[in-house]
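Biologist: I would like to go through the labels placed on this structure and hear the reasoning behind each one.

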Amino acid sequence: MAVPVIDFSKLNGEERAKTMAQIANGCEEWGFFQLINHGIPEELLERVKKVASEFYKLEREENFKNSKSVKLLSDLVEKKSSEKLEHADWEDVITLLDDNEWPEKTPGFRETMAKYRAELKKLAEKVMEVMDENLGLTKGYIKKALNGGDGDNAFFGTKVSHYPPCPHPGLVKGLRAHTDAGGVILLLQDDKVGGLQMLKDGQWIDVQPLPNAIVINTGDQIEVLSNGRYKSCWHRVLATPDGNRRSIASFYNPSFKATICPAPQLVEKEDQQVNQTYPKFVFGDYMSVYAEQKFLPKEPRFQAVRAM
């Protein structure tokens with residue numbers, strides 16, 4: 001069983017209907033799919049990978065050696081207990097936003113990542129238009145919902161993560177299992193080092209590394225907007241004994257002020273009772289709940305936000 005790989009360029013040709021159906025299947029049956037020929041220049045992707053790796057070496061590697069995760073793991077190993085590290089991740093991560101502080105020491109980092117983020121945001125909006133069409137919504141519906149109206153208010157963040165070699169990969173996860181809180185997630189993963197897994201029909205399966213593909217997965221807010229047609233998918237990263245896995249994940253999330261609820265066209269009349277599965281809520285409230293419950297089952301998050 002392999003995560004679907006879809007040629008995005010075929011949306012513009014004779015195979016448009018088939019490609020639309022493949023993306024619908026990726027959203028409905030998987031919650032994860034890989035896009036190739038997505039329109040982001042290979043040369044830019046190569047530069048992104050280069051500056052991200054150089055950034056880790058120059059600015060992060062020494063910090064990671066003194067990180068809380070490294071200390072907790074070495075304490076655990078010294079104790080020789082049978083416990084595992086349940087509340088930490090073997091991950092080094094920074095988040096890039098339009099208005100926060102970016103690394104300054106790595107040559108070309110800022111220019112390259114800013115250009116990449118701009119390209120990725122456009123790709124996210126194209127993917128959302130395909131979702132609109134497949135769900136029978138008006139063009140731009142999901143984008144408008146996430147932006148809280150016609151402006152450009154969506155929260156667009158990029159996580160630059162590295163998962164360094166781990167001396168005891170059986171005792172800690174690279175990143176614990178979770179679903180993503182937001183809208184559409186676009187990931188440029190490592191070309192060679194695997195470790196990302198998604199849960200499909202009760203089984204963990206590898207999201208196979210595919211050079212310069214963009215992995216798409218849907219977050220909790222797409223599940224709500226689609227009234228459950230497109231479920232957000234559980235995923236995790238395994239720690240590995242060798243190879244420093246690079247992962248650059250960008251999130252097209254709602255504005256914190258955006259009100260999220262199922263698209264009215266997708267709610268059956270009989271579902272329009274007080275008890276429908278997905279409530280109407282403000283995304284900022286959802287994030288307050290998610291911050292406390294990220295690694296716990298997602299259904300109680302929807303219930304908690306209903307009560308707010």
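What follows is a set of questions about charged pairs and nonpolar cores in a predicted model.

Biologist: What makes Arg60 and Asp92 a salt bridge?

Modeller: The closest N and O of the two side chains are 3.0 Å apart. The cut-off is 4 Å between a side-chain nitrogen of Lys or Arg and a carboxyl oxygen of Asp or Glu, so the pair qualifies.

Biologist: Where in the chain do the two partners lie?

Modeller: Arg60 is in helix H2 (residues 42-65) and Asp92 is in strand S3 (residues 92-96). They are 32 residues apart, and the pair links distant parts of the chain.

Biologist: Why is Arg60 called buried?

Modeller: Its relative accessibility is 19%, and buried means under 20%, so Arg60 falls on the buried side. Asp92, at 6%, is under that limit too and therefore counts as buried.

Biologist: Is Glu104 buried or exposed, and how do you know?

Modeller: Glu104 has 59% relative accessibility, and the label exposed needs over 50%, so Glu104 is exposed. Its salt-bridge partner is Arg110, at 3.5 Å from N to O. Arg110 has a relative accessible area of 38%, which lies between the two limits, so the label is partly exposed.

Biologist: Why does the pair of Asp150 and Lys144 count as a salt bridge?

Modeller: Their closest N and O atoms are 3.7 Å apart, and the limit is 4 Å, so the pair counts. Asp150 is exposed because its 71% is over 50%. Lys144, at 44%, is partly exposed. Elsewhere, Lys10, Glu15 and Lys18 are joined into one network by salt bridges that share partners.

Biologist: How many salt bridges are there in the whole structure?

Modeller: The search finds 25.

Biologist: Turning to the nonpolar side, which residues of the largest core touch the most other members?

Modeller: They are Met113, Tyr116, Leu123, Ile142 and Val160, in a core of 59 residues. Helix H4 (residues 109-135) gives the most to this core, with 11 residues.

Biologist: What makes Met113 a buried residue here?

Modeller: Met113 belongs to the largest nonpolar core, and such a core is a set of buried residues, so Met113 has under 20% relative accessible area.

Biologist: What does Leu123 contact beyond its neighbours within four places in sequence?

Modeller: Leu123 is in contact with Phe8, Leu35, His38, Ile40, Leu186 and Ile214.

Biologist: Which residues does the second core include?

Modeller: Among them are Val3, Phe32, Leu196 and Val215, in a separate core of 16 residues.

Definitions and conventions:
Residues are numbered from 1 along each chain as its sequence is written. This is a predicted model: local features need pLDDT of at least 70, side-chain atom pairs count only at pLDDT 80 or more; totals for chains, interfaces and linings use all residues. Side-chain values use heavy atoms; hydrogens and water are left out. Helices (H or I, at least four residues) and strands (E, at least two) are DSSP runs, numbered from the N terminus. Buried means under 20% relative accessible area, exposed over 50%, partly exposed in between (1.4 Å probe, protein chains only). A nonpolar core is a set of buried Ala, Val, Leu, Ile, Met, Phe, Trp, Tyr and Cys residues joined through side-chain atoms within 4.5 Å. Contact means heavy atoms within 4.5 Å.
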